[in-house]
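Visitor: I have a structure open and would like to learn how to read it. Where do we begin?

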Amino acid sequence: MINTDKNYDVIVVGGGHNGLVCANYLAKDGRKVLIVEANDSLGGASATSPLNDEFSVSSCAHWLFQLNPTVASDMGLTKHGLEIAARDLSTIALAEDGNHLTIDGDKLEGAGISDEDRKAFVAFNKQITKFCKLLAGAFNRRAPKLVEGNLTDRITVAKLGLGMKMLGKEDMSDLMRLALINIYDVMEENFENDLLKGAISLDSLLGSHMGPRSPNTVYGYIYRRMGTVFGFNGPAVVKGGMGAVGKAMANAAQASGVDIEVGAAVSKINIDVDRTTGVTLADGRVINAALVVSNADPKTTFNKLVGLGNIETGVARRVKTMRMKGDAAKLHIALDSLPNFTGLTEQQMGQRLVIAPTMNYIETAFNASKYGEYSKAPAMDISIPSIHDATLAPQGKHVMSVIVQYAPYELDGGWNDEKKDAFKQLVIDRITDFAPDLKDKIVASELLTPVDLEERFHIHGGHWHHGEISLDQILMMRPFPGTSQYGTSVDGLYLCGAGNHPGGGVMGLAGHNAAKEIIKRGKSA
Amino acid sequence: MMPHDETMILETPFHSRCLALCEINLWEDWKGYRSAAAYTSVEQEYFAVRSNTGVFDISPMIKYRFTGPDAGAYLNRLVTRDISKIAIDRVAYTVWCDDKGHVMDDGTIFHLAENDYRLCAYARCLDWLMWSAEGFDVTIVDETAEVAALAVQGPTSCAVFKDMGFEGIENLKPFGITRYPFEGSEVMISRTGFTGDLGYEIWIEPALAESFWDALFDAGKLRGIRPIGGAALDMLRTETGFLQAGVDFIPAEEAIRTGRSRSPFELGLGWLVSFDKPVFNGRKALLKEKKEGSRYAFVYLDVDGNKPAEHAFIYAGNKEVGTVTTAAWCPTAKTNVAFAQVDAKYGKVGQELVAEIYYERELKWTRVMAKCTVIEGAVFNPPRKRQTPAPDF
């Protein structure tokens, strides 16, 4: 709650996971910190929402696979109630004939996978892990500015450069080559098996507006695999849904002295000429602080909260051109019993299931979205968390959560109930191809399009990553050139969300790095 | 008016009249418009403005119109001056900068009515204006082709207008705007110009351009009215100390090489920068510059001798410290004037510098090292420029 007697040093706009992480570090540094969150729950897109009276589900992100271990241990998340219901899950690439492919770390099983593919996959993983380790060195610190030649920045660049050199000649030239091509070509170079190529491709583009043949997908894949360096050998299911991450983080932040006000939307970040003075809430309350840290995405921050007229044209232009249109929908289904996926045991249904039979299947699905249509045969990432976590559904009943690619934010003619329903039925039909008795078990269902995600989580464009993760929008170019080290052109206004380096996913590093930067700047912040 | 993709060079609404009077057929391209460089002789045209009335067709000037509830706030963010201080029917000279605080252009803002402004610019910048409109409720229209305009400049200009029946025009203050009925429509007259003399600019719909020209020249016949071209105007503006975009500075958007654009302070235009208003483009960078110092200074020089110091290097002792951007012998002030950009630590008023001038006579090149003195500003600055009511000559 807001303590009106307290003169806050910092107001964090938005209690998403990065906001909580950032607030926690700042409070530990001795600052009086207030988080104001528009929704009633904390964690942002790491959320658990009720599906109806009996069921609840992770309503945006549904796997934990990238949480940074330093952040987790600094916050004492386990102590503060974070429980993992299952971890290091396999990914099962579904085949309509039931001859699925199971990807378990380095191991591949089923789908008539060849020995060549098995060997190539081990080598591929080894190389990707090397690239991830290299990047990890730049992830937990601010992105360097290239021009100004600050020592900290030079060290980051030098580390990256040296790291690349240390990869060895072959891996270094591979990285430089691969980073600029697309996952389709990389898959074709390495593997034969369609299910394997499809599953890896899907990982390279989940949440983005890209198809397997789009540039930047290789970086997308490496980004997704960063969890490998952070101790994840596959996705994890959080007990209580992803909202439990937010809860644990909120507990940690409160234990560090952070005040948190939920259900309080910020309508405006107040600015006196070129310095922020605090925020105005939707209910009219004005709260002053020397620093405001926005966990909202960059577009929401500048378009809505700051106002483009209050910043200079060059920056406003960057805000406008930043790419962040979501292309993924979420489907949530409440089930009165576990459906039968052809060829899967209950244990297997508890793994991560993907529908991406071939790369062309995904590319075809993507084609539609390029022209403002939803995919007729979408690609999917399916989780049935209730197999591991009894808190989400009544005994014997289950919830299914599905990430559906592609559902463009800007659908031709806009989304309406009719189109949403048609798309939902289409997606359910498609899953039914793999789980024939699914429809008989549905108790309730909801589809969240990017427009719904935007509304529910206050993310412009419904883009989970707060901005496409692509080479033109990473490192010193994230969120955009000129605003890349968490500070902004408005003095005292900082950004700590996924729109900043290193990027999205429930990772916590953007919040961590933002806090470190603010602490480093000290009085000049 | 024909769009550019169909016409190599456009004609202004006054073209038929300019053509008829352009005895030496000397034309130049002004932002895509055919514009007379000179009609008869440059000196004659120059003296028309200083002694009688000279008429310069300024229709090619880029003109943007801003309307809507945020028009004022929009312009206040765009330019460096405080727009809230420009009353309705007033005009202000200003510059506008990019985020680095470098001058993109200079021009005049006309406050035509509540939430209604016109900006006259040297360069087209609609893309920048549109980018700047994000977050504002403002409508922006390029009305360059929709407004015909003439500069009517010189000591007898007010008298000519009175003879045209524009009663009370003498009471119009410098930078003021007024309107008169003309042939069932209206002519807008502002007391503005680029010559440093008593003078006006008139703004009218293109359909009435020719008949206005005819009426103007009829009325001015006995007061020595004549059309003037770009070359005479260049002498006039030099004498009165006005900077020319593209000559005395490179508009920031057009500068290709790093470091070639300039801030308002570096152009001697710091007086146009108002830090007592909300955020404007370049504010941050300009505040920093003000605190930490500029790279360059813009100076007016009184150069010894009568050789214009065109393109001359400027020295302080033996050290090269800058270059000349504009230079001319100014006939009325009888001064050899140069504008120069020099390193910031030079250029205090009264300081003596040296201009290295090269000139050619019948294929023989001569170099003179002319002494020059930094002067305050315009060498031509007559009281009639400011007097209200305007004097009758």
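Guide: With strand pairing. Two strands pair if DSSP finds at least two bridges between them. This is a predicted model. In chain B, β16 (residues 319-330) and β17 (residues 335-343) run antiparallel and are joined by eight bridges. Look at Gly322(B): Val342(B) in β17(B) stands opposite.

Visitor: What does helix α7 of chain B touch on that sheet?

Guide: α7 (residues 230-239) packs against β16 and β17 of chain B. Its direction makes about 120° with that of β16(B).

Visitor: In what order do the strands of the closed barrel run?

Guide: Read the order around the ring: β14-β17-β16-β15-β18-β19 of chain B. That is six strands, with antiparallel pairing. On average, neighbouring strands of this sheet are turned by 40° against each other, direction ignored.

Visitor: Which strands of chain B form the open sheet?

Guide: Six strands, in the order β10-β11-β12-β9-β3-β13. The pairing is mixed. Now find the edges. β10 (177-182) and β13 (225-227) of chain B each pair on one side only. Here the average turn between neighbouring strands is 25°, direction ignored.

Visitor: How many bridges join β9 to β12 in chain B?

Guide: Six, between β9 (residues 148-153) and β12 (residues 199-204), which run antiparallel. Use Val152(B) as a marker: its bridge partner in β12(B) is Tyr200(B).

Visitor: Which strands does helix α2 of chain B touch?

Guide: α2 (residues 42-51) packs on the sheet at β3 (53-57), β9 and β13 of chain B. Its direction makes about 115° with that of β3(B). Then look for α6 (residues 209-220) of chain B. This helix lies across β3, β9, β10, β11 (185-190), β12 and β13 of chain B. It runs at about 150° to β12(B).

Visitor: Let us zoom out. How many helices and strands are there in chain B?

Guide: Eight helices and 19 strands. The domain assignment of chain B gives domain 1 (15-59 + 147-228) and domain 2 (295-375). Note that domain 1 is written as two segments. The centres of these two domains, taken over C-alpha atoms, are separated by 33 Å.

Visitor: Why does the radius of gyration of chain B agree with a compact globule?

Guide: Set the value against the expected one. A compact globule of 393 residues would have a radius of gyration near 21 Å, and chain B has 21 Å, so the two agree. Along the principal axes, the C-alpha atoms of chain B fill a box of roughly 65 × 55 × 45 Å.

Visitor: How many helices and strands are there in chain A?

Guide: 16 helices and 20 strands. Its radius of gyration is 22 Å, close to the 24 Å that the globule rule gives for 525 residues, so chain A is as compact as a globular protein of that length. The box for its C-alpha atoms is roughly 65 × 60 × 45 Å along the principal axes.

Visitor: Into which domains is chain A divided?

Guide: Domain 1 (10-45 + 66-83 + 240-322 + 479-524), domain 2 (118-228) and domain 3 (324-457). Take domains 1 and 3 of chain A: 30 Å separate their centres, over C-alpha atoms. Their contact takes seven residues from domain 1 and six residues from domain 3. On the domain 1 side, these are two nonpolar, three polar and two charged residues.

Visitor: How many residues lie between the strands in the hairpin of β11(A) and β12(A)?

Guide: Two, and Val273(A) takes a positive phi near 60° there. β11 (residues 266-272) and β12 (residues 275-281) of chain A pair in the antiparallel sense over six bridges. Asp272(A) stands opposite Arg275(A) in β12(A).

Visitor: At what angle do helices α1 and α16 of chain A cross?

Guide: Roughly 35°, with the axes of α1 (residues 17-28) and α16 (residues 509-521) of chain A coming within 7 Å. The crossing is right-handed. Among the residues that meet are Val21(A) and Tyr25(A) in α1(A), and Ala514(A) and Ile518(A) in α16(A). By class, this contact has eight nonpolar, five polar and one charged residues.

Visitor: Last, how many residues does each chain give to the contact between chains A and B?

Guide: 15 residues from chain B and 15 residues from chain A. On the chain B side, α3 (71-78), α4 (126-132) and α8 (283-292) each give two or more residues. α4(B) gives the most, with three residues. The chain B side divides into six nonpolar, three polar and six charged residues.

Key:
Residues are numbered from 1 along each chain as its sequence is written. Chains are lettered from A and ligands numbered from 1 in the order in which they are written. This is a predicted model: local features need pLDDT of at least 70, side-chain atom pairs count only at pLDDT 80 or more; totals for chains, interfaces and linings use all residues. Two residues are in contact if their C-beta atoms, placed from the backbone, lie within 7 Å. Helices (H or I, at least four residues) and strands (E, at least two) are DSSP runs, numbered from the N terminus. Ala, Val, Leu, Ile, Met, Phe, Trp, Tyr, Cys and Pro count as nonpolar, Asp, Glu, Lys and Arg as charged, and the others, Gly among them, as polar. Axes are lines fitted to C-alpha atoms, for helices over the stretch in contact, and angles run from 0 to 180 degrees between N-to-C directions. A crossing is left-handed if the near helix is turned anticlockwise from the far one by less than a right angle, and right-handed if clockwise. Domain bounds come from an automatic or database domain assignment. The radius of gyration is taken over C-alpha atoms; the globule rule is 2.2 Å times the number of residues to the power 0.38.
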